[in-house]
Amino acid sequence: MADIWRMIGRRLLLGILTLFVISLVIFGATELLPGDLARELLGQSATEETLAALREQLGLNDPAPLRYLKWLMGVLQGDFGVSMATQKPIAELVGARLGNTMFLALYAAALAIPLSLVLGILAALWRNSIFDRASNALALTSISFPEFFVAYILVLWLAQTGIFPSMVRITGSTTFGDRLYMSFLPALTLTLVVTAHMMRMTRAAIINLLASPYIEMARLKGMSPLRVVLRHAVPNALAPIINVVALNLAYLITGVVIVEVVFVYPGLGQLMVDAVTNRDIAVVQAIALIFATAYVLLNLIADVMSTITNPRLMHRR
Amino acid sequence: MTIFLSLIVGLALFFAIGISARAAFRTLAPDHQKPTFRDMPLTASFGIAIILVYVLVSLLGPVIAPFGEGEVVGAQYLPWAAPHYLGTDKLGRDMLTRLVYGARNTVGIAFATTILAFVVGSVLGIWAALVGGWVDNWMSRFVDALMAIPALIFSLLLLTIFGTSVLTLILVIAAVDATRVYRLARSVAQDIVVMDYIEAARLRGENNWRLIRREILPNAMAPLVAEFGLRFCFVFLAISALSFLGLGIKPPTADWGSMVRENATLIAFGDVTPLLPAGAIALLTVAVNFVVDWQLHRASGLKE
Amino acid sequence: MNSPMLPRGMSRRGLLKSGIAMTTASLILPAGMAMAQSEPKKGGVFRVGIGHGSSTDSYDPGLWDNLYAQTYAAARHNQLIEIGADGNLAPEIAESWTSADGMTWVFKIREGVTFHSGKTLTPDDVVASLNHHRGDASTSAAKPYFDAVTDIKVDGPNVVITINAPNADFPYLMSDYHLAIMPGTDGKIDVTSADGCGGYMVDSYEAGIQATLNRNPNYWKSDRAHFDQIVLLTILDPAARLNALMTGEVDTIDQVDPATIGLLESRGVAKILSISGNAHYVFPMDSRAAPFNDNNVRLALKYSFDRQELVDKILAGHGSVSNDNPIGPASRYYYAEMEAKTYDPDKAKFHLKEAGMDTLEVTISAANAAFSGAVDAAVLMSEKAAAAGIKITVDREPDDGYWDNVWMKKPFVASYWGGRPVEDQMFTTAYQTGASWNETFWSNEKFDGLLVAARSELDEAKRREMYQEMQRIVSFEGSTIIPMYNNYVMALSNAIATPEKVSNNWNLDGFRCVERWWFA
């Protein structure tokens, strides 16, 4: 167990290093974008004088490294600063949206993970059967349509017929049940997008083990195929499955901009795109760090869980 | 009802194509290859047939297409009737022609991008695993950092900075994809480099490049091929997603991803136009992965 | 503040491109339906889906630059002067205004108007509100309007504004949407406050998502602001807007995708409101740069594409052909009899020959940020021009940064104008030598002379002649290709009633749908 704690500690340190690299990369990239916040805020009617006045007011005249250092100092003291465009604290801007993003990600995960595990296990069990082929083909088809297109089709079938709303409107008085109902279509879209990957990986990981001697042994003992798969194959196939699940969870948190746009879902992705457009660097940085943290933590959890399920991984080179 | 009918027609077509393709491969294949094709599942022969059709259409595009790529041939949204068998698009260009040229452009770009991503990603990944030490550490940390930035937003940043020519599009998507390939290749190679035969080859004095090419790559091929199948298809989706955000392939070049986007609002009225390019992408994805599955199955040695 | 990445259409370029026009509004209804002309009724929750709005939108009036911010502001605030649906000036916070010499303008401030906070509006508030846009330190986009203003002061119930040269059209400027009247403290307005004296009071607001506002029970206009509550939603994706309207999530949407107008009409679930005015799409060419410095080249390009095709395919018929004329059919002095330019490859070739060329290769740098369909329009032009020996390469630029890096930087680009009520304003802003928004850097001595002379010409017939001559010069010697006048296209659920006349000064009834429309 001590080994695992040591590994977690080391990975967390590395994670912080990763976050630092990301903040540098993102800051550099935003600096390279044409135009700046003052120009974006004033729009096309800006004159040189108004631009200069606004730049001065926003502190955009400092050299880039100095601005980065200022930002970094703030973050190290736990202060993510204020949005330069609206002068609102970042925490306030990001807070509610982070909640929305997490809600949608967990909702979609709650639908997608059981679905893909069950489908994957059944496909491995009945490999090469009609069921295997059909579920595989269906899953592949659903990931080969662009996300926005899947969303439009779901809206056509399920929203225009009045079953579910075509957009999400969360207000202060929205109850949890309402939320589940309103967010069903975005969650379903995401489910269709991520299921194929997890399902195929589950199937592959299990089938990979079926040729091993100990499975052969279990089968020779006269165990039913279902029991063989559930008792012997799945536990040993957990490591790759956990990894792919973590990867897809990270995607559900960080990669859903398009679904947010189509369903008018107030999540972080749209906020980040807005902030990039407006060169509101403090907001871009804050969201990039949130996304990166989610990614790093999920990967860490996945590795820890894989290690627990398969201690041999601990001693890998 | 229509859905049910098209399902039946689709299945019938699938079997017809699969069976006839398998028969054709068996007769045409050289003798020593014949056993390979004998056990081929229908899905695989169907996949190969579809891929061959796509390749043919891509190569012969200008010959097959009834009109010019960007040629405006009439009013917008003409119905499906001769000489415009699939109607026209919003600018009055022949839909069939656009689809045919789209095959050429889309498949070409996706192929170039995936190859580039795999060459860069797998060579660096295997090299990192082979050399180990600080090179491996630093490269892996950097790749980890890049991967933690959402791919779509990262490509969006890069494309806004560097412009959206086809070349930058290929480079940017390949760069983003290469990080994923790097990770996979590294983890696969890590298991291989500790094998005895690698040690033996090292002792023989083989240099790193030769080790990668001759010893490691052949043994790491199976998972890489599987990844290739999916990555290849994700390129279409990436282009489509980027064109949703206003940065795709430049007009008047026809490409399926942008064509889905251009016509997507029509789906709200149940119009099938956007389904054509979307279906073209889907069919290719399914076909490629059927073949990949078959190859993986053969590699795994599982006999059932 | 257009998103680089999202198709938000085309309302970005703040005030100088604002259009205040006086034209007819045409209402296109599904077949067999008559427009229900009812008396305005109070009540209901009005939900508008708008294809703009960003999480960086703020309450600072100097920074409002998208349709969402503008409509949201129109719900909360009043200006000194309103542009009526008929295009004429109407009193709002200013009860009346006069000037003896065109330089000293006296605005009489309405009494008994209160802000949402309960504070009574005074002339001091007006001065504070206007001063926000004035002076060196101002960050307002409306600042150029005040360049000529030398003094703003309170005089009893009046506000007196002095400018440095006579300008009969000065009151028009005071109707600009940036110039919202807000409560002032010590001569300054609070740019983080939503307090105003308009028809609706803010209940909740999340920038870039939605705003909910309730009717102001103390609104001084008794015949306006009919809804109990309004909800303004940002819906950037055109298909999502359309779906929201069809599934009844919203009552009105702006910027209907032209491809779907016909389908939407045939469904009968909504009516299309298509408002024609002086707004137009343009392709400016840098008149200083070769080959565009040769008028023959410019003429060759003007004859080398099919204007009607653009109206049909880009606007789905919701607009009309323009003859490279920035003065629209809604204007007083519109030159309708001018020789029309049609698609004529031979004429284009002739002009090329005059310029000493057999073939011509040019590049149009376009982005849909310029106007929705700009890239497609350029593609259509390029297809037709081939027959005239002109090879047009279409270079699609990213939407993000288009106005910074492409517009007025590259030689041949796409752009748009809102159209002006006053010919002088349009010409002075965009065609006079050296004007800051002269997109083509075009300079014509005769034109400049006429422009100055026409301002002081009192004889109506002579004035008309002068303006028509200027239109002819711009059309045949100018450096701007103007293929079409575009309509504002909105879709309304059948439950919404509008006045017979809908303003063509900006979209959504001059941003004022929230106070002018009602549930039938």
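The exercises below, each with a worked solution, concern a predicted model with chains A, B and C.

**Exercise 1. Describe the secondary structure, extent and burial of chain A and chain B.**

Start with the element counts. Chain A has 14 helices and 0 strands, and chain B has 11 helices and 0 strands.

Next, take the extent along the principal axes. The C-alpha atoms of chain A fill a box of roughly 85 × 55 × 35 Å; for chain B the box is roughly 70 × 55 × 35 Å.

Then consider burial. In chain A, 48% of the 317 residues count as buried. In chain B, buried residues make up 49% of 304.

Finally, look at the sequence range of the contacts. Among contacts in chain A between residues at least 6 apart in sequence, 74% join residues at least 24 apart. For chain B the corresponding share is 65%.

**Exercise 2. Is A:Ala124 buried or exposed, and which residues does A:Ala124 touch?**

First locate the residue: A:Ala124 belongs to helix α5 (residues 90-125) of chain A.

Now apply the burial criterion. A residue is buried if 20 or more other C-beta atoms lie within 10 Å of its own. A:Ala124 has 24 C-beta neighbours inside 10 Å and therefore counts as buried.

Then list the partners. Setting aside residues up to four places away in sequence, A:Ala124 touches A:Arg203, A:Ile206, A:Ile207 and A:Val229.

As a last step, check a distance. A:Val194 is 70 residues from A:Ala124 in sequence, and their C-alpha atoms are 19 Å apart in space.

**Exercise 3. Identify the residues that touch the most other members of the largest nonpolar core, and the element that gives the most to this core.**

The core holds 336 residues, and those touching the most other members are A:Tyr152, A:Leu252, A:Ile287, C:Ala300, C:Ala366 and C:Ala378. The element giving the most to this core is helix α9 (residues 208-244) of chain B, with 16 residues.

Take A:Ile287 as a case. Leaving aside neighbours within four places in sequence, A:Ile287 is in contact with A:Val94, A:Leu268, A:Leu271, A:Met272 and A:Ala275.

**Exercise 4. Describe the contacts that chain C makes with chain A and with chain B.**

Begin with chain A. Here 46 residues of chain C are in contact with 38 residues of chain A. On the chain C side, the elements giving two or more residues are β11 (200-206), α4 (238-246) and α10 (402-405). The largest share, 5 residues, comes from α4(C). By class, this side of chain C has 20 nonpolar, 16 polar and 10 charged residues.

Turn to chain B. Here 22 residues of chain B are in contact with 26 residues of chain C. The chain B side has 12 nonpolar, 7 polar and 3 charged residues.

**Exercise 5. Set the UniProt annotations of chain A and chain B against the model.**

For chain A, the unreviewed UniProt entry lists "transmembrane region" at several spans, including residues 12-33 and 180-199. In the model, residues 12-33 of chain A are 95% helix and 0% strand, with end C-alpha atoms 31 Å apart. Residues 180-199 of chain A are 95% helix and 0% strand, and their end C-alpha atoms lie 24 Å apart.

For chain B, an unreviewed UniProt entry places "domain: ABC transmembrane type-1" at residues 103-296. Over residues 103-296 the chain is 82% helix and 0% strand, and the end C-alpha atoms are 26 Å apart.

Notes:
Residues are numbered from 1 along each chain as its sequence is written. Chains are lettered from A and ligands numbered from 1 in the order in which they are written. This is a predicted model: local features need pLDDT of at least 70, side-chain atom pairs count only at pLDDT 80 or more; totals for chains, interfaces and linings use all residues. A nonpolar core is a set of buried Ala, Val, Leu, Ile, Met, Phe, Trp, Tyr and Cys residues joined through C-beta atoms within 7 Å. A residue is buried if 20 or more other C-beta atoms lie within 10 Å of its own, exposed if 12 or fewer, and partly exposed in between; C-beta atoms are placed from the backbone. Helices (H or I, at least four residues) and strands (E, at least two) are DSSP runs, numbered from the N terminus. Two residues are in contact if their C-beta atoms, placed from the backbone, lie within 7 Å. Ala, Val, Leu, Ile, Met, Phe, Trp, Tyr, Cys and Pro count as nonpolar, Asp, Glu, Lys and Arg as charged, and the others, Gly among them, as polar. UniProt positions are given in the numbering used here, feature names are shortened, and annotations may be inferred rather than shown by experiment.
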